[in-house]
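Q: Please give me a close look at the pocket side of this structure, ligand site included. Start from the backbone in the loops.

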Amino acid sequence: MTTYESSTPRSRELFEKAKQYLPGGVTYSIRYFEPYPFYVYKAYAQKLVDVDGNEYTDYWIGHGAKLMGHKYPPVMEAINRQIEYGIHVGLPHEWEINLARQISRMVPSIDKVRFTNSGTEANMYAVRLARAYTRKTVIVKFEGNWHGGYDALHVAVSPPYDKVCAGLTSEAIGDTMVLPYNDLERVEKAVGKIEIAGIIVEPVAGAGGMIPADVEFLKGLREICDRKNALLIFDEVITGFRLSAGGAQKIYNVMPDITTLGKIVGGGEFAVGAFGGRNEFMELLDQTKHREYHERVFQGGTFTANMLMTVAGYTLLSELERRPEIYTYLDNLGEKLRKNIGEILEKLGLGYTTGIGSLVGVHFTPVRPRDVKTAQTMKDKEKSRKYFKHLLENRIIALTYENPQFFISSAHTIEDIEKLIQATEEFAKNIVKQ
Ligand SMILES: Cc1ncc(COP(=O)(O)O)c(C=O)c1O
């Protein structure tokens, strides 16, 4: 087989050009990998075709947004029908009601919802809402949890956790308290004597390596928030509509006060976010009740809840509600991948797999990570990169370069999963020989 570099000359050229106009040649630094990323020409189902005509099995799958694969036919048909009537109008329309109602039917803790253009914005507004409702300021977030680029939550994302991203002011993060993930005792101790507005947590730490929270951890956070009159925010941007039709909260049976959503909520094809909760909290956004600007939690945006996003989201979510077998299928593929790759790595002393449902993380660590800090600080970066490259040579794209993980979609087949296991086995055998 030809190598990645010999078969991607046009991508190499495009990357050279991209570097002249885009910092680092990309629009999101995690999209870069060595020697250069391939450039997508087209996408369909679980496949990507690059500008040189190479075809890849895609586990990046739109940063996990494409639960049903690329260009899922029912969603594409709904989009095509809607295009004739309007795309972005900037005034109310029926599809936004349909999607909001659908979300509140599916996500147990949501009565009302507001739409944003990204998961980042959804988290920003959720934090604002928690602060406004409780009239307190401190927000607890966890090491290695990723909530997007919003200043107050953009801390302790990548190690070392005591260093912040360039450009953040100490004021912006002064009311954020960072604590270890999956360590309830530390949370109890840390919040003991202080007032907190809320706790934000990823029920499964996604970008940090697909590491699920322990159910006792989430239950404990719920109790702490109740005791301290603080709001519990679940960031379900990844887990929402992926782990089940009701998200992670349904699987764990722990109800947050506010849920943030993204990715799948717009049918997987559009920039989107959403946050929602019980009426009691959401009414703080209601301009008919809180007429004064300073009494209300502001949320808005030019492209929010545009017609295409809402029609796509509604079409997909109503199908997910009707067809629970989709989750059985996704979970079975995820389980097989986690188990088989895990066995290969563990047998050779190379590492572990983590995850839940259709989320699979691969860790070249000496211990099975229960928190993102362990996963990120103990991993063998070189092996992670080599694994990513080996998969690329086999026309498989994982996400991301130093942090290999897989998002499974319903378009993936058992043969795809078997091919990925086989490629991992080859890699594992070769690396122990080196
Ligand atoms: C858990 C989680 N929260 C928030 C975000 C940010 O969402 P967006 O990229 O839409 O701003 C992401 C993005 O990957 C995420 O994984």
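A: Thr400 sits in the loop between strand 15 (396-397) and strand 16. Helices (H or I, at least four residues) and strands (E, at least two) are DSSP runs, numbered from the N terminus. The model is predicted, with local features requiring pLDDT of at least 70 and side-chain atom pairs pLDDT 80 or more, while totals for chains, interfaces and linings use all residues. Numbering runs from 1 along each chain as its sequence is written, and side-chain values use heavy atoms, without hydrogens or water.

The bond between Leu399 and Thr400 is cis, with omega about 0°. Glu34 and Pro35 are also joined by a cis peptide bond, with omega about 0°. Pro35 belongs to the loop between helix 1 (9-21) and strand 1 (40-44). Ile61 is not a glycine, yet its phi is positive, about 40°. The loop that holds Ile61 runs between strand 3 (55-58) and helix 2 (73-83). Most peptide bonds are trans, and most residues other than glycine have a negative phi.

Now the pockets (open sets of 1 Å grid points over the protein atoms alone where a 1.4 Å probe fits, with protein on both sides within 12 Å along at least five of seven lines; lining residues have an atom within 4 Å of a point). The largest has a volume of about 1300 Å³, counted as the space filled by probe spheres set on the points. Its lining takes in 46 residues; Tyr28, Ile30, His63, Trp146 and Ala207 lie nearest the centre. Helix 4 (119-134), helix 12 (372-377) and strand 16 (405-407) each give two or more residues to this lining. By class, 17 of the lining residues are nonpolar, 22 polar and seven charged. Where does this pocket lie with respect to the domains? Domain 1 (9-70 + 325-433) and domain 2 (73-322) both contribute lining residues, so the largest pocket lies between them.

The second largest pocket holds about 640 Å³. Thirty residues line it, with Glu96, Val113, Arg114, Phe115 and Gln299 nearest its centre. Helix 3 (94-106), strand 4 (112-116) and helix 9 (279-282) each supply two or more of them. Helix 3 gives the largest share, five residues. This lining has eleven nonpolar, eleven polar and eight charged residues.

Next, the ligand. Among the residues around it (a heavy atom within 4 Å) are Ser118, Asn123, His147, Glu202, Asp235 and Lys263. A backbone N or O atom of Gly119 comes 2.8 Å from a ligand oxygen. Thr120 places a polar side-chain atom 2.5 Å from an oxygen atom of the ligand. Trp146 has a polar backbone atom 3.2 Å from a ligand nitrogen. On its own the ligand has 390 Å² of accessible area, and the protein covers 85% of that (Shrake-Rupley method, 1.4 Å probe). Trp146 thus links two views: it is one of the residues nearest the centre of the largest pocket, and it is among those surrounding the ligand.

Terms used:
Nonpolar A, V, L, I, M, F, W, Y, C, P; charged D, E, K, R; others polar. Domains from an automatic or database assignment. Polar contact = N/O pair within 3.5 Å; in protein donor to acceptor, adjacent residues only side chain to side chain.
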